[in-house]
Each structure stands twice: as structure tokens, then as C-alpha cells.
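Thanks for coming. I'll take a few minutes to go through one model, and I'll keep to the parts I looked at in detail.

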Amino acid sequence: MMKRIQAILIIVFLPMGLFAQDQEANTLKANGSAQVEAIPDLFQFDLRFTVTSDQQRMSIDSLNEMTAYMIKCITKKTDIGEDSLKTINFYTNVNENRYKTETKTTYSASQSLQLKIAADKEQIIKLLNIIADTNLPVNVNTKGYFSDAAKAQSEKALINAAFDNARRQAAMLANAGEFSVGPVRSVDYSQGESFQVRGVQRMESMALKSSGDREFGDFNLAPQKQSKSIRVSYYIYQKEN
């Protein structure tokens, strides 16, 4: 997994920087911030099928046939087993217009086929081409996301970088103010969710081999940015002359 750590160094003598006005005696409080950029290690396909006809049973049967055919194509051309493909969000709907009685009533049936795999570029491209080759009327939604192990790894990197950032701020102020920084007194880490993607979610991109070709030739997972901040309190002492 690609990763870039960027510590955000803030040297601002304002309340949002070092909270000088509410410091306890002989205590320095510093905010440490950091960002981690990582590529998701897992990937999810959601294939949405919808069938509408003049008979409810016909719509449901056609929906099941389409889903079964898609499962057959995926499992036949890959090493993905049927147990990895899950049908979700099934619903039916009666389409009638009470104000236009001449409009014929129709029946819709819809469900999604969900697949979660490792975020492997070649495998993703292969699956996109299998889906396209079925020629089925399917709405394809994709997204990359992080496993628990990847979240823990990024969380560790964020905390370490944020803590180093706070330590550097404290050291610079100690040098400017001619005092010494002692051990850590307390750490405020009440940041809500332990792992969050801040800012705009970056979307993956895909491309066909050529303008006249229906085959996918490229796919790129977008790296996502996460950020964290902590407040660290240090004991401080006057330097001896």
C-alpha cells in the first residue's frame, strides 16, 4: 500500500495553536497535526439490476435470471467463488398512475449483486470487462475502502507523526522562550472516530482501451487522505543560569 506522511507544522501564537491563555502553571500545551495518504487495500462492486414488465412474476423471474447469469460469468472466468457474491437490497414496486387510468400498470423488481475483493488493479479491470461482456442492463457502482489492518496501520502512522509534530512545536517555543521542556503531563485524544477520511473523497478512474473499443484497459485507485490531531501537555522549567 502506497503511503505518504506529511506532518503539518504550525507555529502560530494564537489560541488555536498553543492555547497559551488556558495553560496551567508550569505547563505547555501544544497541538500536533498530521496527514497520511494511503491507497485503499479493498475494493467493492455493487451491480444493480432492475427489470420492469407487465407481470410481477415475470419481472422477478427475469431479475433472478440476470443475476444468476452474472454470477455464472464471474465465477467461470475468475477464481472467485459463488459464496463471495451476495445479493442485497431486493425490492418490488407496482407502477401505476391513479390520475391517468389509461396508463398501463407495470411491475418492477430490483436487487444488487455485491462483491468485495482485494484492491488489485488487474483483477478489477478483468471484472469490469467480464461485466461489460455480459451485455446485461446493469448499473455498476464501485468503491475502494480500507481493511481493519490498513486502518490500524494508518492510525499508528497518524498518531506517531502528530505526536512528533507537537514535540517539535514545544521544542521551538522552549528555545525561543528560554525554558526547558520536561516529560509529558497529559495527552488529549478525544477526536471522535478513530479513523476518518477528511475532505473530499477521491474517486477511482477507469478508461477504455480506445474510443471504438468496449474493453477496459486501465483503472486507477485514488489515494485517500486521513488527518489527525492531538493536544499534548508538557511540564516546563526555567533554565538555570
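Start at phenylalanine 43, whose bridge partner in β5 is isoleucine 117. Before I go further, note that this is a predicted model.

Phenylalanine 43 also stands opposite glycine 144, and that glycine is in β6. That takes us to the strands themselves. β3, residues 42-53, runs antiparallel to β5, residues 106-118, and 12 bridges join the two. β3 is also antiparallel to β6, residues 138-145, with eight bridges joining that pair.

How much of β3 is buried? Nine of its 12 residues are, so the strand is largely enclosed by the rest of the structure.

Now to a residue in β6, namely asparagine 141. Is asparagine 141 buried, partly exposed or exposed? Its relative accessibility is 42%, and because buried means under 20% and exposed means over 50%, asparagine 141 counts as partly exposed. Which residues does asparagine 141 contact, once neighbours within four places in sequence are left aside? They are Gln44, Phe45 and Asp46. Take glutamine 44: in sequence, asparagine 141 and glutamine 44 are 97 residues apart, but C-alpha to C-alpha the separation in space is 8.2 Å.

Next, the loop between α2, residues 56-77, and β4, residues 85-95, where threonine 78 sits. Threonine 78 has a relative accessibility of 12%, so it counts as buried. What does the side chain of threonine 78 reach at 3.2 Å? That is the backbone nitrogen of isoleucine 80. On the other side in sequence, a polar atom of the threonine 78 side chain lies 2.5 Å from the backbone oxygen of isoleucine 74. Not counting residues up to four places away in sequence, threonine 78 touches Lys126, Leu127 and Ile130.

Last, helix α4, which covers residues 148-177 and has 30 residues. From first C-alpha to last, α4 reaches 43 Å, close to the 44 Å expected at 1.5 Å a residue. What happens just after α4? Glutamate 178 takes a positive phi there, of about 55°.

To recap, β3 is joined by bridges to β5 and to β6, and it is largely enclosed by the rest of the structure. Asparagine 141 in β6 is partly exposed, whereas threonine 78 is buried. That's what I have; I'll take questions.

Terms used: Residues are numbered from 1 along each chain as its sequence is written. This is a predicted model: local features need pLDDT of at least 70, side-chain atom pairs count only at pLDDT 80 or more; totals for chains, interfaces and linings use all residues. Side-chain values use heavy atoms; hydrogens and water are left out. Buried means under 20% relative accessible area, exposed over 50%, partly exposed in between (1.4 Å probe, protein chains only). Helices (H or I, at least four residues) and strands (E, at least two) are DSSP runs, numbered from the N terminus. Two strands pair if DSSP finds at least two bridges between them. Contact means heavy atoms within 4.5 Å. The expected span of a helix is 1.5 Å times one less than its number of residues. A polar contact is a pair of N or O atoms within 3.5 Å; within protein, one must be able to donate a hydrogen and the other to accept it, and residues adjacent in sequence count only if both atoms are side-chain atoms.
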